[in-house]
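Q: Please take a close look at one part of this structure, namely the surroundings of a single polar side chain and what lies around it. I would like one connected explanation rather than a list.

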Amino acid sequence: MQNGLESLLIGYEVSVATSKEANQILDLLKDVAKWLKEKGIDQWGFLAGGGEDDEIRQGINNKETFIVKRNGEIVATFTLYQTQSQWDQHIWGNLKDDAVYLHRLALTHSKIGSGLGKDVLQWLETYLKNEGKNTLRLDCLGNNFKLNKFYLINGFEKVGTSDGHTIFQKRF
């Protein structure tokens with residue numbers, strides 16, 4: 001990506017995903033969902049069963065999904081919605097502002113705990129500032145305590161809960 005953002009993720013390449021990478025992204029997300037389920041966390045149970053395949057592919061086609069590569073291998077992915085999805089409206093209510101919504105931030109097993117997640121969030125903040133945005137929102141399962149703590153440690157504010165999910169936002 002431009003604007004010097006590559007220096008924020010030294011040794012990694014961040015790019016908008018292409019349809020050629022869709023199967024790799026789906027595999028990564030389903031692998032993470034399976035891993036979470038094995039740990040007793042049903043964060044992405046619907047996704048694991050293929051329930052979000054069409055939405056994920058649409059996000060890729062709409063150029064809303066990003067990948068992070070190291071040595072040519074996808075090690076992380078995330079999707080940014082510039083407007084609320086139906087899920088976001090369900091969780092947040094129908095908001096008419098300029099916030100961006102983060103979905104499906106996922107890292108390969110080998111990168112969990114490496115600091116890459118924190119680095120990706122810092123990259124996102126800089127990227128969004130450069131795009132003229134100042135608010136990032138997301139949700140995660142309320143009982144996924146490690147993930148809730150991760151977002152708090154990384155400067156997100158817990159705004160509340162909705163339908164069993166913790167809702168977070170960060171203004172910058």
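A: A polar contact is a pair of N or O atoms within 3.5 Å; within protein, one of the two must be able to donate a hydrogen and the other to accept it. The model discussed here is predicted. In this model the side chains of T135 and R171 make such a contact, at 3.1 Å. That distance falls within the 3.5 Å cut-off.

T135 belongs to strand 5. Is T135 buried or exposed? T135 counts as buried because its relative accessibility is 2%, and the limit for that word is under 20%. Setting aside its neighbours within four places in sequence, T135 is in contact with A99, V100, Q169, K170, R171 and F172. Among these, K170 is a residue of strand 7, which covers residues 165-171. K170 comes up again below.

Next comes the sheet around T135. Seven strands make up an open sheet in the order 1-2-3-4-5-7-6, with mixed pairing. The edges are strand 1 (13-16) and strand 6 (157-162), each of which pairs on one side only. On average, neighbouring strands of the sheet are turned by 30° against each other, ignoring direction. Strand 5 sits between strand 4 and strand 7 in the order. Strand 4 and strand 5 run parallel and are joined by 2 bridges. Across this pairing, Y101 stands opposite R137 of strand 5.

Helices lie across this sheet. Helix 6 (residues 145-153) lies across strands 4, 5, 6 and 7, and runs at about 160° to strand 5. Helix 1 (residues 22-38) lies across strands 2, 3 and 4, at about 90° to strand 3.

R137, the residue opposite Y101, also has a charged partner. Which side chain does R137 meet in a salt bridge? The partner is D97, with N and O 2.7 Å apart. R137 is in strand 5 (residues 135-141) and D97 is in the loop between helix 4 (86-92) and strand 4 (100-107), so this pair ties together parts 40 residues apart in sequence. The two partners can be described separately by their accessibility: R137 is buried, at 4%, and D97 is partly exposed, at 40%.

Now back to K170, one of the contacts of T135. K170 forms a salt bridge with E125, and the closest N and O atoms are 2.9 Å apart. The partners belong to distant parts of the chain, with K170 in strand 7 and E125 in helix 5, 45 residues apart. K170 and E125 are both buried; for E125 the relative accessible area is 17%.

E125 has another salt-bridge partner, K129, with the closest N and O atoms 3.4 Å apart. Here both residues lie in helix 5 (residues 116-130), 4 residues apart, which is about one turn of the helix. K129 counts as partly exposed because its relative accessibility is 46%, which lies between the limits of 20% and 50%.

How many salt bridges does a search of the whole structure find? The total is 8. Besides the pairs already described, E52, E55 and R104 are linked in a network of salt bridges.

Helix 5 and strand 5 also take part in the nonpolar packing. The largest nonpolar core has 26 residues, and F78, L80, L102 and L124 touch the most other members. The elements giving two or more residues to this core are strands 2, 3, 4 and 5 together with helix 5. Helix 5 supplies the largest share, 7 residues. As an example, L80 is in contact with several residues beyond four places in sequence, including V100, Y101, L102, L124 and L136. Y101 is thus both a contact of L80 and the residue opposite R137. A second, separate core has 17 residues, including A17, L29, V32 and W44.

Finally, E21 offers another polar side chain to set beside T135. E21 lies in the loop between strand 1 and helix 1. With a relative accessibility of 10%, E21 counts as buried. A polar atom of the E21 side chain lies 2.7 Å from the backbone nitrogen of T18. Not counting residues up to four places away in sequence, E21 touches V16, I67, K69 and I74.

Methods
Residues are numbered from 1 along each chain as its sequence is written. This is a predicted model: local features need pLDDT of at least 70, side-chain atom pairs count only at pLDDT 80 or more; totals for chains, interfaces and linings use all residues. Side-chain values use heavy atoms; hydrogens and water are left out. A salt bridge is a side-chain nitrogen of Lys or Arg within 4 Å of a carboxyl oxygen of Asp or Glu. Buried means under 20% relative accessible area, exposed over 50%, partly exposed in between (1.4 Å probe, protein chains only). Two strands pair if DSSP finds at least two bridges between them. Axes are lines fitted to C-alpha atoms, for helices over the stretch in contact, and angles run from 0 to 180 degrees between N-to-C directions. Contact means heavy atoms within 4.5 Å. A nonpolar core is a set of buried Ala, Val, Leu, Ile, Met, Phe, Trp, Tyr and Cys residues joined through side-chain atoms within 4.5 Å.
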